[in-house]
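Open the model in your viewer and keep the selection panel at hand. The tour goes from the whole chain to the nucleic acid and ends at two local stops.

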Amino acid sequence: MRYTTAMVIERLKVKPKNFLFSLNKTYLPDFDPELTLMGGQTFSWKPLSSEGFFLGITQTKAIIAKYKRPYLLWQTFPNRDDFKFIEEYFRIKDDLSKIKTQLSQDPIVGKAVAQTPGLRLLKQPFYETVFSFLLSSNRNIKLIRKSVWLLAKILGRAIKIPGIAQVHLFPTTEAVASARYSQLKEAKVGFRAKFLKLTARAILSARQPTRDLTAYPGIGPKIADCIEVFALGNTYVTPVDVWVKRLLVELYGLPDNKHYLFYKKWLSNRFGYLTAYAGQHLYEWYRGRSRAK
DNA sequence: CGCCAGGGTGACG
DNA sequence: CGTCACCATGGC
């Protein structure tokens with residue numbers, strides 16, 4: 001994917017009171033942390049305090065983030081100031097206003113993007129995205145997030161963030177592979193426990209990464225697309241879950257008795273390289289709207 | 001109580 | 001190829 005718009009990325013330092021570490025300050029004109037971090041694309045974030053701070057975990061680091069328009073305030077742990085990671089994770093170079101302008105050629109997506117300002121796509125590390133979405137089958141977001149944080153507490157390495165209680169990182173692939181079933185059950189993952197262990201072992205024993213993600217136990221076409229978009233950065237596809245299918249039937253008049261590939265191809269044909277952004281805005285808008293009723 | 005959730009698998013015809 | 005019961009769990 002190419003970006004032709006000149007991007008401005010500032011790196012400044014601020015130090016809020018009551019914090020024992022400094023924050024980096026990166027120019028990011030369009031970002032809503034609640035929509036982006038507490039929605040359906042990551043389950044590894046949670047609100048940290050009443051002051052708008054969020055805590056995120058990956059297999060290797062924890063992130064503190066807050067949005068103060070037009071800046072993203074952030075810090076990484078235990079290795080500080082990892083700008084390369086932040087730039088990739090938040091897709092800082094994506095020009096959201098330009099993307100939204102192009103997407104608004106479709107009136108329905110136009111309505112969606114108008115009502116989900118600041119929703120960005122993330123590009124998350126691969127393996128934790130695999131495990132996160134292994135937990136997603138036939139469950140709602142609240143429960144997925146609950147299991148992720150329980151897994152971290154039970155299996156994840158603890159690190160200390162100055163001034164904040166210790167934080168457990170997302171479990172490593174090795175930790176998932178060698179976890180006891182009692183530990184996985186404690187994390188409320190249900191029947192997905194065996195998929196977690198089998199997939200973790202398959203990852204560790206593979207000589208090279210598998211191209212076909214559905215080869216992993218517990219990963220079918222939908223979860224594979226989640227990983228394609230949210231970890232691999234493929235913007236030409238978008239996952240079709242029950243909500244997306246529902247809105248395609250209701251708002252676009254598509255038949256409701258087709259298979260997964262039908263809806264996926266329809267979206268890709270219509271939205272091209274912006275399919276992932278279109279799908280994510282439609283999803284969060286439609287889900288939020290239905291939930292509010 | 002019954003239904004639903006960012007589904008996948010395996011058995012059966 | 002298409003259909004369908006089943007999987008485990010909490011929230012509503």
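Helices (H or I, at least four residues) and strands (E, at least two) are DSSP runs, numbered from the N terminus. This is a predicted model, in which local features need pLDDT of at least 70 and side-chain atom pairs count only at pLDDT 80 or more, while totals for chains, interfaces and linings use all residues. Residues are numbered from 1 along each chain as its sequence is written, chains are lettered from A and ligands numbered from 1 in the order in which they are written, and side-chain values use heavy atoms, with hydrogens and water left out.

**Stop 1: chain A**

Select chain A and show it as a cartoon. Its secondary structure comes to 13 helices and eight strands. Along the principal axes, the C-alpha trace spans about 55 × 45 × 40 Å. The radius of gyration (taken over C-alpha atoms) can be set against a globule rule of 2.2 Å times the number of residues to the power 0.38. For 293 residues a compact globule would come near 19 Å, and chain A has 19 Å, so the two agree.

Colour by accessibility next. Buried means under 20% relative accessible area, exposed over 50%, and partly exposed in between (1.4 Å probe, protein chains only). Buried residues account for 51% of the 293 in chain A. Now turn to contacts, meaning heavy atoms within 4.5 Å. Of those in chain A between residues at least 6 apart in sequence, 63% join residues at least 24 apart.

**Stop 2: DNA strand B**

Select the residues near DNA strand B; near means that one of a residue's heavy atoms lies within 4 Å of the strand. Which residues are the closest of the 26 that surround DNA strand B? They are Gly40, Asn140, Ile141, Arg246 and Gln280. Helices H10 (221-230), H11 (242-252) and H13 (275-292) each supply at least two residues of this surface.

Colour by class: Ala, Val, Leu, Ile, Met, Phe, Trp, Tyr, Cys and Pro count as nonpolar, Asp, Glu, Lys and Arg as charged, and the others, Gly among them, as polar. The surface near DNA strand B divides into 14 nonpolar, eight polar and four charged residues. On the DNA side, 57% of the strand B atoms within 4 Å of the protein belong to sugar or phosphate, and the rest to bases.

Zoom in on polar contacts, here pairs of N or O atoms within 3.5 Å.

- Gln280: a polar side-chain atom lies 2.5 Å from a base oxygen of DNA strand B.
- Trp243: a polar side-chain atom lies 2.8 Å from a phosphate oxygen of DNA strand B.
- Asn138: a polar side-chain atom lies 3.0 Å from a base nitrogen of DNA strand B.

**Stop 3: DNA strand C**

Stay on Asn138. A polar atom of its side chain also lies 3.2 Å from a base nitrogen of DNA strand C. Extend the selection: Asn138, Lys142, Leu143, Lys188, Gly190, Phe191, Arg192 and His259 surround DNA strand C. By class, that surface has two nonpolar, three polar and three charged residues. Sugar or phosphate holds 63% of the strand C atoms within 4 Å of the protein.

Pick Lys142: a polar side-chain atom lies 3.5 Å from a phosphate oxygen of DNA strand C. Then pick Phe191, where a backbone N or O atom lies 3.1 Å from a sugar or linking oxygen of DNA strand C.

**Stop 4: His281**

Go back to helix H13 and select His281. Is His281 buried or exposed? It counts as buried, because its relative accessibility is 0%. Leaving out residues up to four places away in sequence, His281 touches Ala112, Val113, Thr116 and Leu119.

**Stop 5: a hairpin**

Select residues 158-161 (strand E7) and 164-168 (strand E8); the two run antiparallel and are joined by three bridges. Strands pair if DSSP finds at least two bridges between them. Ile161 stands opposite Ile164 in E8. Two residues separate the strands of this hairpin, and Gly163 in the turn has a positive phi of about 85°.

Key: Polar contact = N/O pair within 3.5 Å; in protein donor to acceptor, adjacent residues only side chain to side chain.
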